[in-house]
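Here's a quick briefing to read alongside the model. Keep the viewer open and click through the residues as they come up.

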Amino acid sequence: MPANNLNGNLSDDSPDSDGESMSSLSSEELARHFQTRYGRQFHSYGMVPYPLPADPAEMQRLDRMHDAVKHFFGGRNYCERVGQLLHEPLDARMRIADLGTGSGKWVDEMAVEFPNFKFYGVDIAPTATQEPEENVQYEINPLQATGFDRGYFHFVHMRQTSLGITDYVPVVREIARILRPRGYFYSAEWLRRVFMADGSNVEQQAPLAVRFFRIIDRLMQSRHVPSDPEGQLLVAVLLQSQQFEVVHMEHRQILGEQGAVGLHFRNAFKEYADAFKYLLLDSGCSEGNAEQLITGFKHDIDVVPGLTVVYTTVLARKLL
Ligand SMILES: C[S@@+](CC[C@H](N)C(=O)[O-])C[C@H]1O[C@@H](n2cnc3c(N)ncnc32)[C@H](O)[C@@H]1O
């Protein structure tokens with residue numbers, strides 16, 4: 001399907017992708033991208049194991065998580081190195097992709113900050129706004145096969161999508177394909193486990209939070225999403241591909257933070273736990289047991305000082 005170009009003066013950018021452009025969808029076409037269970041909407045993209053809802057309430061949750069992450073990174077939507085790339089661009093009309101865009105909040109904010117660049121949000125479901133900024137286009141496609149032309153992008157951003165990835169090899173292959181030589185790729189993910197900031201035994205201090213993530217991780221493995229306790233899988237595949245150099249990698253501990261940042265994240269993580277309820281129900285867990293597991297996680301978040309989660313970021317550059 002040809003991409004729907006919203007901005008006449010950017011028409012030289014098309015055809016960009018063979019995906020479905022969200023803005024061109026009728027309400028019937030939109031509806032076919034969703035299925036309803038437990039009174040919530042989920043994506044209907046068969047092969048993707050992503051288990052969280054895809055409805056307006058979930059998009060609001062993603063927006064609050066976005067705000068928490070942005071707040072943590074000093075009110076910016078990118079790290080310092082990416083900031084250099086964006087503020088001193090080699091090309092005045094940079095093209096930027098956000099894979100697994102969700103509500104599209106990152107894209108929408110970036111498009112306002114960088115009005116001369118063109119942004120493309122890609123997701124398996126039409127969850128972003130249907131009336132984006134002129135320099136934004138939302139496409140429905142899996143991130144493993146985006147449908148964009150080879151070497152189309154200067155920068156690819158991918159945040160919190162690991163629940164929809166069974167194998168990083170095709171993901172890295174696709175990112176290498178759509179990036180230009182020397183283009184940048186940035187990924188950010190939560191590890192699905194908890195730690196104690198002081199290195200003490202988390203199983204003893206926060207057994208309910210440990211149990212929650214252990215069960216979630218096991219259920220995701222049954223959907224063929226690999227466990228990645230150290231957050232090393234993506235980097236290993238990037239390096240094996242011999243198409244990227246890893247410029248920077250970081251594990252940041254978050255939650256144990258004091259003050260507004262900590263509060264923001266504790267609330268965001270409690271909502272994150274709630275969003276897993278349907279994965280638990282789908283897996284045969286009773287409503288009562290699912291609630292108990294989630295409540296236990298929230299309890300530990302509230303009462304265990306120094307309990308942390310880890311945010312892993314990777315910045316890589318495509319080789320020539
Ligand atoms: C947790 S949300 C994160 C959204 C956004 N990146 C953010 O940080 O706010 C994950 C999003 O990735 C999408 N997703 C998961 N697996 C995907 C895949 N294989 N291809 C495309 N999108 C995917 C989901 O539909 C969902 O919208």
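Ile254 is buried: 21 other C-beta atoms lie within 10 Å of its own, and 20 or more is what it takes to count as buried. You'll find Ile254 in strand E10, residues 244-254. One thing to keep in mind throughout is that this is a predicted model.

**Around Ile254**
- Setting aside neighbours within four places in sequence, Ile254 is in contact with Phe72, Phe265, Thr308, Val309 and Tyr311.
- Ile254 and Ala197 sit 57 residues apart along the chain, yet their C-alpha atoms are separated by 8.9 Å.

**Met196, for contrast**
- Met196 belongs to strand E9, which covers residues 195-196.
- Met196 has 19 C-beta neighbours inside 10 Å, so it gets filed as partly exposed, given that buried starts at 20.
- Once neighbours within four places in sequence are dropped, the contacts of Met196 are Val202, Gln205, Gly306 and Leu307.
- Glu131 is 65 residues from Met196 in sequence, and the C-alpha to C-alpha distance for that pair is 43 Å.

**The whole protein**
- The protein has 11 helices and 11 strands.
- Its radius of gyration comes out at 19 Å, close to the 20 Å that the globule rule gives for 320 residues, so the protein is as compact as a globular protein of that length.
- If you want a box for the C-alpha atoms, it's roughly 60 × 45 × 35 Å along the principal axes.
- Of the 320 residues, 42% are buried.
- Among contacts with a separation of 6 or more, 70% are between residues 24 or more positions apart.

**Ligand shell**
- What lines up around the ligand? There are 21 residues surrounding it, and the closest are Gly100, Gly102, Leu143, Arg159 and Gly164.
- Split by class, that shell has 9 nonpolar, 10 polar and 2 charged residues.

**Helix packing: H9 and H11**
- Helix H9 (residues 259-275) packs with helix H11 (residues 287-303) at an angle of about 170°, and their axes are 9 Å apart.
- That angle makes H9 roughly antiparallel to H11, because anything over 145 degrees counts that way.
- On the H9 side, the contact uses Arg266, Phe269, Lys270, Ala273 and Asp274, while H11 brings Ile294, Phe297, Lys298 and Ile301.
- By class, the H9 contact with H11 contains 5 nonpolar and 4 charged residues, with no polar ones.
- Helix geometry helps in reading that list: an α-helix has 3.6 residues a turn, so residues three or four places apart point the same way.

**Helix H4**
- Helix H4 (residues 105-113) has Lys105, Trp106, Val107, Asp108, Met110 and Ala111 as its buried residues.
- Those buried residues pack against helix H2 (56-72) and four strands, namely E4 (95-99), E5 (118-123), E6 (136-140) and E7 (153-159).

**Backbone oddities to check**
- Gln160 isn't a glycine, but its phi is positive, at about 55°.
- Gln160 sits in the loop between E7 and helix H5 (168-178), and with 19 C-beta neighbours inside 10 Å it counts as partly exposed.
- His224 is another non-glycine with a positive phi, about 70° in this case.
- The loop holding His224 runs between helix H7 (207-222) and helix H8 (233-241).
- Is His224 buried or exposed? With 11 C-beta neighbours inside 10 Å, His224 counts as exposed.

Technical notes
Residues are numbered from 1 along each chain as its sequence is written. This is a predicted model: local features need pLDDT of at least 70, side-chain atom pairs count only at pLDDT 80 or more; totals for chains, interfaces and linings use all residues. Axes are lines fitted to C-alpha atoms, for helices over the stretch in contact, and angles run from 0 to 180 degrees between N-to-C directions. Helices (H or I, at least four residues) and strands (E, at least two) are DSSP runs, numbered from the N terminus. Angles under 35 degrees count as roughly parallel, over 145 as roughly antiparallel, 65 to 115 as roughly perpendicular and the rest as oblique. Two residues are in contact if their C-beta atoms, placed from the backbone, lie within 7 Å. Ala, Val, Leu, Ile, Met, Phe, Trp, Tyr, Cys and Pro count as nonpolar, Asp, Glu, Lys and Arg as charged, and the others, Gly among them, as polar. A residue is near a molecule or strand if its C-beta atom, placed from the backbone, lies within 6 Å of it. The radius of gyration is taken over C-alpha atoms; the globule rule is 2.2 Å times the number of residues to the power 0.38. A residue is buried if 20 or more other C-beta atoms lie within 10 Å of its own, exposed if 12 or fewer, and partly exposed in between; C-beta atoms are placed from the backbone.
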